[in-house]
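Subject: Structure for your review

Dear colleague,

Please find below the structure that I am handing over to you. I would be grateful if you could read the notes after it with the sequence at hand.

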Amino acid sequence: GETPWLIGLIDQTMTDLLDPGARHIGNDRVIIGTIDQRIGYIQIFTMGGFVDTETPGTPEWAAAELAALDAMLDEALTAFADLDAVILDLSNNRGGYDAVTRDIASRFTDAAYDGYTVRTDWDGDALASYRIEPHDGPRFTGPTYVLTSDVTVSAGEITTMMLRQLPHVTQAGTTTRGAFSTPLAKPLPNG
């Protein structure tokens with residue numbers, strides 16, 4: 001029963017919420033548009049899957065995913081440059097590729113900051129620390145609202161966690177699922 005609900009959500013967002021010209025892009029993983037020509041709106045359903053590929057997990061796949069994301073965010077944030085605010089809707093985000101989360105966070109800051117750390121042993125040092133540098137392309141540092149729900153999981157939660165650190169970002173909605181999972185994705189030697 002989820003598919004009809006999701007189709008209804010997308011249709012309602014595109015026809016009842018957003019101004020004409022809104023687009024459902026990125027292999028149907030992203031919606032971009034405006035509300036009353038004053039507020040930019042980006043809904044991201046998954047942190048990846050923006051391109052069709054037969055070799056997920058490879059360096060080429062990762063590069064293609066980030067290139068597709070960058071093209072979408074360049075377009076959206078260029079169009080939103082003079083708007084009053086941006087809504088980043090992660091309320092139906094099912095997670096995905098952590099590099100996508102960092103790329104998104106880099107679009108909403110003008111200053112570098114520590115995004116998050118990863119560790120497996122709470123008594124030891126972090127295994128990895130991710131510093132977010134401002135993106136070279138278009139960014140938005142005005143009022144930003146991140147929408148979340150109990151469906152926001154994994155990489156959607158990491159994005160929320162990083163963005164909440166920024167003074168111009170407000171989280172709205174309900175608590176996220178609490179399902180962080182940052183696996184090490186890599187191809188096995190046998191392909």
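The following paragraphs set out what was found in the structure. Please bear in mind throughout that this is a predicted model.

The sheet

Six strands form an open sheet in the order β1-β2-β3-β4-β7-β8, and their pairing is mixed. At the edges stand β1 (23-25) and β8 (169-173); each has a single partner strand, so one side of each is left without a neighbour in the sheet. On average, and with direction ignored, neighbouring strands of this sheet are turned by 20° against each other. At the β1 edge, β1 and β2 pair in the antiparallel sense over three bridges. R23, for instance, has I32 in β2 as its bridge partner. Helix α4 lies across β4, β7 and β8, and it runs at about 145° to β7.

Between β2 and β3 there is a loop that deserves a separate remark. D36 lies in this loop, and so does Q37. D36 is not a glycine, yet it has a positive phi of about 55°. Q37, also not a glycine, has a positive phi of about 55° as well. In terms of accessibility, D36 counts as exposed at 53%, and Q37 is exposed with a relative accessible area of 54%.

The nonpolar cores

In soluble globular proteins, nonpolar side chains tend to be buried together. In this model the largest nonpolar core has 33 residues, and those with the most contacts inside it are V30, I42, I44, L88, I104, F108 and L163. Two or more residues each are given to this core by β2 (30-35), β3 (39-44), α2 (59-79), β4 (85-89), α3 (98-106), β5 (113-118) and α4 (155-163). Helix α2 provides the largest share, namely six residues. A second core of nine residues is separate from this one and includes I10, I31, F45 and I87.

F108 may serve as an example of the contacts made by one member of the largest core. Apart from its neighbours within four places in sequence, F108 is in contact with L77, V86, L88, F140, T141, T144, L163, L166 and H168.

Helix α3 is mostly covered, with eight of its nine residues buried. These are D98, A99, V100, T101, D103, I104, A105 and S106. The buried residues of α3 pack against β3, α2, β4, β5, β6 and α4.

The salt bridges

Side chains of opposite charge can pair when their charged atoms come close. The structure holds six salt bridges, and three of them are described here.

In the pair of R107 and D74, the closest N and O atoms are 2.8 Å apart. This salt bridge links distant parts of the chain, with R107 in the loop between α3 and β5 and D74 in helix α2, 33 residues apart. The two partners may be compared with the cut-offs for burial, which are under 20% relative accessible area for buried and over 50% for exposed. R107 has a relative accessible area of 0% and is therefore buried, whereas D74, at 29%, is partly exposed. R107 and D74 also belong to a network of salt bridges that includes D70.

R139 forms a salt bridge with D110, in which the closest N and O atoms are 3.0 Å apart. R139 lies in the loop between β6 (128-132) and β7 (144-148), while D110 lies in the loop between α3 and β5, so the pair ties together parts that are 29 residues apart in sequence. R139 counts as partly exposed, with a relative accessibility of 33%.

The side chains of R131 and D114 also meet in a salt bridge, at 2.9 Å from N to O. This pair links strand β6, which holds R131, to strand β5, which holds D114, and the two residues are 17 residues apart. R131 is partly exposed at 46% relative accessibility, and D114 is partly exposed with a relative accessible area of 47%.

With kind regards

Technical notes: Residues numbered from 1 in each chain as written. Predicted model: local features only at pLDDT ≥ 70, side-chain atom pairs only at ≥ 80, totals over all residues. Heavy atoms only, no water. Core = buried A, V, L, I, M, F, W, Y, C linked by side-chain atoms within 4.5 Å. Buried < 20%, exposed > 50% of the residue type's maximum accessible area, 1.4 Å probe, protein only. Helix = DSSP H or I, 4+ residues; strand = E, 2+ residues; numbered from the N terminus. Contact = heavy atoms within 4.5 Å. Salt bridge = Lys/Arg side-chain N within 4 Å of Asp/Glu carboxyl O. Pairing = 2+ DSSP bridges. Axes fitted to C-alpha atoms, helices over the stretch in contact; angles between N-to-C directions.
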